[in-house]
Amino acid sequence: MALPPPDPQFVLRGTSAAVHTLHFSCGGQEPDVPVLFSGSENGFIHVWNLETHRADTALDGHGRKSVYRVETMGGKNRLLSQGRDQRICLWDLAEGRTSVTDSVFTENVGFCRCSLLKVAEGRWLMATAAKALEEVQVLELPSKTSVCTLKPEVGAKLGMPMCLKLWQLNCGSQPLLLAGYEDGSVVLWNLSMGKALSQLVCHQEPVMSLDFDSEKAKGISGSSEKVLSIWSLNEQQNLQVYKTHKLVNAGISDITIRPDKKILATAGWDHRIRIFGWKKLKPLAVLDYHTATIHCVCFSDHKNPSGRLLAAGSKDHRISIWSIYTQT
């Protein structure tokens with residue numbers, strides 16, 4: 001008999017708005033107590049202490065416009081955030097500071113979360129939806145130098161980029177970008193050539209979220225439909241449909257593969273988090289706690305496996321924290 005799904009380990013309250021993005025930072029001096037960052041619809045970024053279950057800091061840098069991306073850049077004191085004010089902000093949080101040190105004005109009106117990739121010590125690539133609706137801009141940080149602008153071919157009709165994932169096979173190899181578009185396509189871009197290597201129609205509706213496992217050359221995407229699409233990348237850099245998985249209820253806001261590549265989590269419009277095995281997409285659990293759409297899911301990666309966590313943020317203003325790590 002299947003075990004009943006667990007209850008959340010604890011719940012974080014106090015954002016007083018819908019939670020749109022989450023990010024664990026597990027580096028630093030105390031590896032076993034990760035910090036959780038959340039970004040909310042009211043423009044605040046909260047820095048959560050997972051021992052006290054309270055927010056240590058609330059950062060306000062997006063003019064009360066929704067924050068839909070937060071990520072640390074090498075340690076928990078350097079933070080990147082992206083908001084509906086069309087700005088991407090870089091923060092310095094060392095020694096209790098709460099200041100924006102730099103920002104990029106994207107002039108993009110969509111909800112596409114930017115993607116970060118560390119390419120060298122202190123150097124990052126950032127892909128973000130550009131001012132022109134179908135384009136993606138890639139910058140180097142912290143210099144903000146433009147690397148390339150990725151434009152679909154004339155007549156491609158991909159629509160707006162909806163989700164982005166920068167990746168590279170290993171350190172030193174060419175960075176590549178996977179982009180999910182409004183027309184349901186996933187496109188693989190070569191940044192150095194500035195051109196599309198492969199395109200695959202994965203969904204009938206806009207691609208809401210995707211994640212990619214570069215070791216297995218396999219990715220997964222979700223949309224407003226009742227389908228998860230699993231696709232792979234062959235040696236010729238061509239995207240192919242690997243399989244699809246039918247969902248009970250429509251609508252996926254976010255998908256994330258756990259760093260150990262064993263399981264993945266989806267954030268559902270049906271208020272539920274679903275856990276799948278990544279190898280065969282076997283459904284493992286349905287976590288049912290929230291009372292509204294779940295916007296984001298995020299795994300921690302701190303050193304002690306038994307302490308690793310899953311966080312989910314919802315329109316109901318709450319963040320649920322789950323411990324679903326098994327030793328198998």
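Me: What makes Trp 167 and Phe 212 an aromatic pair, and why is the pair called tilted?
Reply: In this predicted model, which holds three aromatic pairs, the rings of Trp 167 and Phe 212 lie 4.6 Å centre to centre. Ring centres have to lie within 6.5 Å, so the two residues count as a pair. Their planes are 45° apart. Stacked needs under 30 degrees and edge-to-face needs over 60, so tilted is the class that remains.

Me: Which parts of the chain does the pair link?
Reply: Distant ones: Trp 167 belongs to strand S14 (residues 161-167) and Phe 212 to strand S18 (residues 207-213), 45 residues apart.

Me: What is the strand order in the sheet that contains S18, and which strands are its edges?
Reply: The order is S18-S19-S20-S21, an open sheet of four strands with antiparallel pairing. S18 and strand S21 (239-246) are the edge strands, as each pairs on one side only. From one strand to the next the twist averages 20°.

Me: How do you know that S19 and S20 pair?
Reply: Strand S19 (residues 218-223) and strand S20 (residues 227-233) share five bridges in the antiparallel sense. At least two bridges are required, so the two strands count as paired. Within this pairing, Lys 218 stands opposite Ser 232 in S20.

Me: What does UniProt place at residues 200-241, and what is the chain like there?
Reply: The unreviewed UniProt entry places the feature "repeat: WD" at residues 200-241 and also at 287-328. Over residues 200-241 the chain is 0% helix and 60% strand, with the end C-alpha atoms 8 Å apart.

Me: Why are S6 and S9 called edge strands?
Reply: Another open sheet of four strands has the order S6-S7-S8-S9, again with antiparallel pairing. Strand S6 (67-72) and strand S9 (99-105) each have a single partner strand, so one side of each is left without a neighbour in the sheet. The average twist in this sheet is 20° from one strand to the next.

Me: What joins S6 to S7?
Reply: Five bridges join S6 to strand S7 (residues 78-83), and the two run antiparallel. The threshold is at least two bridges, so this too counts as a pair. Glu 71 stands opposite Leu 80 in S7.

Me: What makes the peptide bond from Leu 141 to Pro 142 cis, and where is Pro 142?
Reply: Omega of that bond is near 5°, and the bond is cis. Most peptide bonds are trans. Pro 142 is found in the loop between strand S12 (136-141) and strand S13 (145-150).

Me: What can be said of phi at Lys 144?
Reply: Phi of Lys 144 is near 65°, a positive value in a residue other than glycine. Most residues other than glycine have a negative phi. Lys 144 is found in the loop between S12 and S13.

Me: How many cavities does a search of the whole structure find, and how much space lies in the largest?
Reply: Two cavities of 30 Å³ or more are found. The largest holds about 50 Å³ of space.

Me: Which strands supply the lining of the largest cavity?
Reply: Strand S23 (263-268) and strand S24 (272-277) each supply at least two lining residues. S23 gives the most, with three. Among the residues that line this cavity are Leu 247, Ile 252, Trp 269, Asp 270 and Arg 274.

Me: How does the lining of the largest cavity divide by residue class?
Reply: Five of its residues are nonpolar, four are polar and three are charged. Gly counts as polar, so Gly 251 and Gly 268 in the lining belong to the polar group.

Key. Residues numbered from 1 in each chain as written. Predicted model: local features only at pLDDT ≥ 70, side-chain atom pairs only at ≥ 80, totals over all residues. Heavy atoms only, no water. Axes fitted to C-alpha atoms, helices over the stretch in contact; angles between N-to-C directions. UniProt positions renumbered as here; feature names shortened; annotations may be inferred. 1 Å grid on protein atoms, 1.4 Å probe; cavity = no way out; pocket = protein on both sides within 12 Å on 5 of 7 lines; lining within 4 Å. Points joined across faces, edges and corners; volume = space filled by probe spheres on them. Phe/Tyr/Trp six-rings, centres within 6.5 Å; stacked < 30°, edge-to-face > 60°.
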